[in-house]
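I sat down with this one to look up a few residues and some overall numbers. These are my notes in the order I made them.

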Amino acid sequence: MDTKRTIFPSQGLPYLLVAPQLIITIIFFIWPAGQAVKSSFEREDPFGLSTSFVGLLHYLRLFQEPDYLASVGRTALFALAVTIISMGLALVLAVAVNRLIRAGTAYSTMLLWPYAVSPVVAGILWWFIFNSSTGILPYMLEFFGLDWNHQLNGTHAMILIIVAASWKQISYNFLFFLAGLQSVPQSLNEAAAIDGAGPFKRFWTIVFPLLSPTTFFLMIVNLNYTMFDTFGVIDATTAGGPNQATNTLVYKVYTDGYLGLNLGSSSAQSVILMLFVIVLTVIQFRYVERRVQY
Amino acid sequence: MVENRPWLTFLTHFVLICGVVIVVFPVYIALIASTHGPTALSSGMMPLLPGAELWNNVVQVLTEERRGVAPFWLMAWNSLWMAIIITVGKIAISIISAYAIVYFRFPGRVLAFWLIFITLMLPVEVRIIPTFAVVANLGMLNSYLGLTIPLIASATATFLFRQFFMTVPDEMMEAARVDGAGPIKFFRDILLPLSRTNIAALCVILFIYGWMQYLWPLLVTTDPKYYTLMMGVKRMAAVADADPQWNTIMAAVVMAMLPPVLIVIFMQRLFVKGLVETEK
């Protein structure tokens, strides 16, 4: 890892400078993570007086528990749906804004601000819209003979959280797609146009392939977002219900551990999620470094 | 634009208007709801045009005492402090650690870098219980310290400053040393002023980040005195099924989301810079 050509000679100062960051990192990040790993191999008696080493028991149990396996599938469905919907819409909007010269900025502003809406608030907003007694969408859906009720119907509940989570993520994806599109050299487009390629052909054969580093980067970030940052969306709308239908992996760690006080199982779930984040981060840093290079 | 195709331009505007409508729709509904009286919203079809009750609803939110929640102004105050402490703290500790990593060579430097890097892989969400236990053991539940300190370590901000410091020409530092400036003077008088834009961009991003926190305050506060706005509006909304007061709840929601939204709209350039650079 590189430093400057010339550096300051100093004995104690650099340690003082990194100390605050490292102390907080160790106390609040690394130590708790270590504790999670440790207690995922242990069982505590009901009074918390003694713990015994149980090896992989919690992990083996988890993978036999239908609830957990269902939650894995549900989380995958949720993550994929949100990633595809929010990235798809964002790409269309970014391509459209990129075509405009003057009006582009105004549209951008109007598309960017939902980034600042927190996941909980996004959840509350959509919950209000889909609310079965006063909500506006169920009222409209009734004309199509659809009886909307996300409090009883698991599919409806899943659609609700997918819509809310995707809505919130559009601005982020839009911003990065737009940045990616703006760095595609205009000369390539012009050359293709002279050769007679129409706008759609130009997009699919030139722009979209050049955009693939951005697309890949966003896929990783969006998976990360739906796995971990949507806690607020779920807590504000369905709270994992009805009948577990929207209980994603992260929400399950919270309900099993914090509300249900099942520490061993919750720790094992935490450790599995940690491994997942580590894989995502490694992929991101190995392959995304080369982002936006043409 | 490569060539002029009127129908395509029309399509572009059409797509964008649809996009803006989708994006604005939920907030528009919330705004409308916050301008009506309680009866207009419980009578089946929701009105789509603004009513005249906005002021009353806002006053009611600001003055009314609700069961199980702290007063609105207190929660707003807590959210504000939480966001400010997180912003200032993160920037402070990451700029000095990036400075140490770039401008010094000391044993353990690479280890320090990796320890900071690892924080990226450990979001709060995956270590809820043990982190809660640490904070509880330190006696930091129900305090501003407990709300903020565990969220302050940040790999992304450190990386951003490291990246930026690497682009500062070496000659700057050589010149400063020739003139007899020590490391602290160089940092304060040269590096810090040069980092102004980066700091400002990070401020925007981190303030929004701090304001949005939900899970962490939910875990470490049990005393309503320390509730934040995000928790407060969620609690208010949760009782809305039993006691529908959607008009005031939506007024509270709109007020709670307003500060970060205004920041994004009015500081768009810094916001975009901050978001794009921290993700590199």
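Below I start with chain A as a whole, then go through single residues in both chains.

**Entry 1: ground rules.** I am working from a predicted model, so every value here is computed.

**Entry 2: chain A overall.** I looked up the secondary structure first, and chain A comes to 13 helices and two strands. Its C-alpha trace spans about 75 × 75 × 30 Å along the principal axes. Of the 294 residues in chain A, 53% count as buried. I also checked how far apart in sequence the contacting residues sit. Among chain A contacts with a separation of 6 or more, 68% are between residues 24 or more positions apart. The exposed surface of chain A is about 13100 Å², and carbon and sulfur atoms supply 66% of that. For the charges, I noted 15 positive and 14 negative ones in chain A, with their mean positions 13 Å apart.

**Entry 3: A:N247.** Is A:N247 buried or exposed? I get 6% relative accessibility, and the cut-off for buried is under 20%, so A:N247 counts as buried. The residue sits in the loop between α11 (231-237) and α12 (249-259) of chain A. What does the side chain of A:N247 have for a polar partner? One of its polar atoms lies 3.4 Å from the backbone nitrogen of A:K252. Leaving out residues up to four places away in sequence, I listed A:S71, A:R74, A:G240, A:K252 and A:T255 as touching A:N247. A:K252 therefore turns up both in that contact list and as the backbone partner of the side chain, within the contact cut-off of 4.5 Å.

**Entry 4: A:L259 and A:L263.** I took these two leucines together. A:L259 is in helix α12 of chain A, and with a relative accessible area of 53% it is exposed. From A:L259 to A:G55 I get 24 Å, C-alpha to C-alpha, with their positions 204 residues apart in sequence. A:L263 belongs to helix α13 of chain A and counts as partly exposed at 31% relative accessibility. A:L263 and A:A36 are 227 residues apart in sequence, yet their C-alpha atoms are 9.0 Å apart. Which residues does A:L263 touch, not counting those up to four places away in sequence? They are A:E44, A:G257 and B:I129, so I have a contact into chain B here.

**Entry 5: helix α5 of chain B.** I went through residues 109-118, and the buried ones in this helix are B:R109, B:A112, B:F113, B:L115, B:I116 and B:F117. What covers them? The cover includes α4 (72-103) and α8 (155-167) of chain B, and also α1 (13-39) and α13 (263-287) of chain A.

**Entry 6: B:T148.** This threonine is in helix α7 (residues 144-152) of chain B. At 1% relative accessibility, B:T148 counts as buried. A polar atom of its side chain lies 2.8 Å from the backbone oxygen of B:Y144. Beyond four places away in sequence, B:T148 touches B:M82, B:I85 and B:I86.

**Entry 7: B:N142.** I found B:N142 in the loop between α6 (128-137) and α7 of chain B. Its phi is positive, about 55°, although B:N142 is not a glycine. I flagged this because most residues other than glycine have a negative phi.

**Entry 8: two loop residues in chain B.** B:P50 is in the loop between α2 (38-41) and α3 (54-63), and it is exposed, with a relative accessible area of 55%. B:P50 still touches B:Y28, B:I32, B:T35 and B:H36, again not counting residues up to four places away in sequence. From B:P50 to B:A33 the C-alpha distance is 7.7 Å, at 17 residues apart in sequence. B:E65 is in the loop between α3 and α4 of chain B and counts as exposed at 61% relative accessibility. B:E65 and B:A100 are 35 residues apart in sequence and 49 Å apart in space, C-alpha to C-alpha.

**Entry 9: cysteines.** How many disulfides are there over all chains? The count comes to zero. I also looked at two cysteines of chain B for accessibility: B:C18 counts as partly exposed at 34%, and B:C203 counts as partly exposed at 31%.

Key. Residues are numbered from 1 along each chain as its sequence is written. Chains are lettered from A and ligands numbered from 1 in the order in which they are written. This is a predicted model: local features need pLDDT of at least 70, side-chain atom pairs count only at pLDDT 80 or more; totals for chains, interfaces and linings use all residues. Side-chain values use heavy atoms; hydrogens and water are left out. A disulfide is a pair of cysteine sulfur atoms within 2.5 Å. Buried means under 20% relative accessible area, exposed over 50%, partly exposed in between (1.4 Å probe, protein chains only). Helices (H or I, at least four residues) and strands (E, at least two) are DSSP runs, numbered from the N terminus. Accessible areas come from the Shrake-Rupley method with a 1.4 Å probe; for residues, only the protein chains shown count as cover. Lys and Arg count as positive and Asp and Glu as negative; His and the chain ends are not counted. The place of a charge is taken as NZ of Lys, CZ of Arg, CG of Asp or CD of Glu. A polar contact is a pair of N or O atoms within 3.5 Å; within protein, one must be able to donate a hydrogen and the other to accept it, and residues adjacent in sequence count only if both atoms are side-chain atoms.
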